[in-house]
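Biologist: I would like to take a close look at a single part of this protein, and I would be glad if you could go through it slowly, as you would for someone in a first year of study. Please start from one residue and then work outwards to what lies around it.

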Amino acid sequence: MRKAIFLDRDGLINRQAAPHHYISDPKDFEILPGVPEAIKRLNDAGFLVIVVTNQRGVARGMLTMEQVETVHRYLQSELGKHGAHIDAIYVCPHADGECTCRKPDIGLFLKAEKDFDIDKRRSWMVGDSDTDVEAGERYGVRPILTKSLLQAVNMILAG
Ligand SMILES: [Mg+2]
Ligand SMILES: [Zn+2]
């Protein structure tokens with residue numbers, strides 16, 4: 001069993017896009033300060049690092065899953081420059097009310113559970129919005145609401 005950190009993406013890992021804008025290109029994907037360092041610390045501490053992200057722009061036809069995946073390959077390659085990596089990224093591409101995976105629903109967490117042997121009692125959900133906190137609570141891991149991933153990680157690792 002592995003301890004895991006579930007991370008929101010937009011507003012935590014990368015700067016939030018303007019309202020009604022979606023990040024479809026790596027050039028618009030701005031990794032926030034401290035994020036590579038925070039993820040490296042989680043890797044080194046033995047946490048699975050799992051991103052769970054709502055991307056309803058896909059359902060709205062504003063971006064494609066291929067574009068989302070291109071952005072995620074860019075993210076991984078930038079993290080790699082710092083010796084950090086994300087173990088898996090799960091995306092909800094659906095609109096409100098169309099699925100059971102859009103946070104605060106927990107479908108993305110259940111997908112992760114199929115791929116990894118997760119010890120929920122030692123796991124966390126970190127995000128910048130109430131829906132992240134609600135999803136973490138519903139799934140049964142400890143939630144942290146923050147704008148700074150590094151701060152949250154330092155708190156977690158300090159015990
Ligand atoms: Mg967010
Ligand atoms: Zn969904």
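Modeller: Let us begin with S123, which touches R2, K3, A4, I118, V141 and R142 when residues up to four places away in sequence are not counted. Please keep in mind that this is a predicted model, and that every value here is computed from it. S123 has its place in the loop between α3 (107-115) and β4. Is this residue buried or exposed? S123 counts as buried because its relative accessible area is 0%, and the cut-off for that word is a value under 20%. Its side chain also has a polar partner, for a polar atom of the S123 side chain lies 2.9 Å from the backbone nitrogen of A4.

From that loop we can look back to the helix α3, in which G107, L108, F109 and A112 are buried. Among the elements that cover the buried residues of α3 are β1, β2, β3 (88-92), β4 and α4 (130-139).

On the other side of the loop in sequence comes β4, and this strand brings us to the nonpolar cores. In soluble globular proteins, nonpolar side chains tend to be buried together. The largest nonpolar core here has 27 residues, and those with the most contacts inside it are I5, L7, I39, V126 and L149. Two or more of its residues come from each of β1 (4-7), α1 (35-44), β2 (48-54), α2 (65-80), β4 (124-127) and α5 (149-158), and the largest share, five residues, is given by α5. V126 has contacts with I5, F6, L7, D8, L12, I144, T146, L149, A152 and I156, again leaving out residues up to four places away in sequence. A second core, separate from this one, has 18 residues and includes A4, F6, C92 and A135, so that A4, the partner of S123 in the polar pair, belongs to that second core.

One of the residues that V126 touches, D8, leads us to the metal. The magnesium ion (ligand 1) is coordinated by D8 (OD), D10 (O) and D128 (OD), at 2.1 to 2.2 Å, and both D8 and D10 are buried. Along the sequence these donor residues follow the spacing D-x1-D-x117-D.

D10 has a further place in the picture, since we find this residue again at the largest pocket, whose volume is about 490 Å³. Of the 22 residues that line this pocket, D10, Q16, N54, R56 and R102 are the closest to its centre, while β2 and α4 each give two or more residues to the lining.

Key. Residues are numbered from 1 along each chain as its sequence is written. Chains are lettered from A and ligands numbered from 1 in the order in which they are written. This is a predicted model: local features need pLDDT of at least 70, side-chain atom pairs count only at pLDDT 80 or more; totals for chains, interfaces and linings use all residues. Side-chain values use heavy atoms; hydrogens and water are left out. A nonpolar core is a set of buried Ala, Val, Leu, Ile, Met, Phe, Trp, Tyr and Cys residues joined through side-chain atoms within 4.5 Å. Buried means under 20% relative accessible area, exposed over 50%, partly exposed in between (1.4 Å probe, protein chains only). Helices (H or I, at least four residues) and strands (E, at least two) are DSSP runs, numbered from the N terminus. Contact means heavy atoms within 4.5 Å. Donors are N, O and S atoms within 2.8 Å of the metal (3.2 Å for Na, K and Ca); water is not among the atoms, so sites may look incomplete. A polar contact is a pair of N or O atoms within 3.5 Å; within protein, one must be able to donate a hydrogen and the other to accept it, and residues adjacent in sequence count only if both atoms are side-chain atoms. On a 1 Å grid over the protein atoms alone, a cavity is a set of points where a 1.4 Å probe fits but cannot get out, and a pocket is an open set with protein on both sides within 12 Å along at least five of seven lines; lining residues have an atom within 4 Å of a point. Grid points are joined across faces, edges and corners, and a volume is the space filled by probe spheres set on the points.
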